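Here is a short tour of one small set of features in a protein model. Keep the picture open as you read, and look for each residue when its name comes up.

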Amino acid sequence: MENKTSFFTTYDQKENRVTNYCLLMLNQVYSYSPLLFNQILSNLTDELNFGVNFYQQQGINTRKGKQIADGIISQEPITIYVE
């Protein structure tokens with residue numbers, strides 16, 4: 001069952017409420033500025049890059065062999081587990 005973060009939590013254990021409020025704070029930061037959110041996560045972890053990356057003239061492997069793409073916009077998938 002999926003439980004969304006909420007300002008009005010129903011959790012009984014203190015650690016679950018603290019996690020909820022930390023996630024709410026990070027969600028609010030991301031809504032305000034994805035760049036600031038990226039900076040916070042980078043400071044909390046080692047070399048984590050969150051967000052969209054832009055590249056130009058980069059080699060890629062395709063079914064037709066190696067080709068040079070004029071431009072690439074990419075975002076790596078990421079999942080962060082909080083315990």
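What follows goes from the overall layout to the core, the pocket, and then a few single residues.

**The layout**

Bear in mind that this is a predicted model. The protein chain has two helices and two strands. Start at the N terminus and walk along, and the elements come in the order α-α-β-β. How much of the chain is buried? Of its 83 residues, 16% count as buried. Now take the contacts between residues at least 6 apart in sequence: 10% of these join residues at least 24 apart.

**The core**

Which residues make up the largest nonpolar core? There are five of them: L26, V29, F37, L41 and F50. Helix 1 and helix 2 each bring at least two residues to this core. There is a general trend to keep in mind here: in soluble globular proteins, nonpolar side chains tend to be buried together.

**An aromatic pair**

F37 turns up again when you look for aromatic rings. Searching the whole structure gives one aromatic pair. Its partners are Y30 and F37, set edge-to-face, with 5.4 Å from centre to centre and 75 degrees between the planes. Are the two partners buried or exposed? F37 counts as buried because its relative accessibility is 11%, under the 20% cut-off. Y30 has 37% relative accessibility, so Y30 counts as partly exposed.

**The largest pocket**

Next, look for empty space. The largest pocket holds about 390 Å³. It is lined by 15 residues, and those closest to its centre are L23, L26, F37, L41 and I80. Two elements give two or more residues to this lining, namely helix 1 (14–32) and helix 2 (34–44). Helix 1 has the largest share, with six residues. What classes of residue line the largest pocket? Eleven are nonpolar and four are polar, while no charged residues take part. Notice the overlap in names: L26, F37 and L41 are listed among the residues closest to the pocket centre, and L26, F37 and L41 also belong to the largest nonpolar core.

**Strand residues**

Let's move on to the strands. I72 lies in strand 2, which covers residues 65–74. With a relative accessibility of 19%, I72 falls under the 20% cut-off and therefore counts as buried. Leaving out residues up to four places away in sequence, I72 touches N53, F54, Y55, Q58 and I60.

Q57 sits in strand 1, residues 53–62. Its phi is near 50 degrees, which is a positive value in a residue other than glycine. Q57 is partly exposed, since its relative accessible area is 46%.

**The end of the chain**

V82 belongs to the segment after strand 2. Which residues does V82 contact, once its neighbours within four places in sequence are set aside? They are T19 and L23. L23 is a name you have met already, as one of the residues closest to the centre of the largest pocket.

To finish, here are two C-alpha distances to look up in the picture.

| Pair | Separation along the chain | C-alpha distance |
|---|---|---|
| I72 and I60 | twelve residues | 9.8 Å |
| V82 and C22 | 60 residues | 9.9 Å |

How values were computed: Residues numbered from 1 in each chain as written. Predicted model: local features only at pLDDT ≥ 70, side-chain atom pairs only at ≥ 80, totals over all residues. Heavy atoms only, no water. 1 Å grid on protein atoms, 1.4 Å probe; cavity = no way out; pocket = protein on both sides within 12 Å on 5 of 7 lines; lining within 4 Å. Points joined across faces, edges and corners; volume = space filled by probe spheres on them. Helix = DSSP H or I, 4+ residues; strand = E, 2+ residues; numbered from the N terminus. Nonpolar A, V, L, I, M, F, W, Y, C, P; charged D, E, K, R; others polar. Phe/Tyr/Trp six-rings, centres within 6.5 Å; stacked < 30°, edge-to-face > 60°. Buried < 20%, exposed > 50% of the residue type's maximum accessible area, 1.4 Å probe, protein only. Contact = heavy atoms within 4.5 Å. Core = buried A, V, L, I, M, F, W, Y, C linked by side-chain atoms within 4.5 Å.
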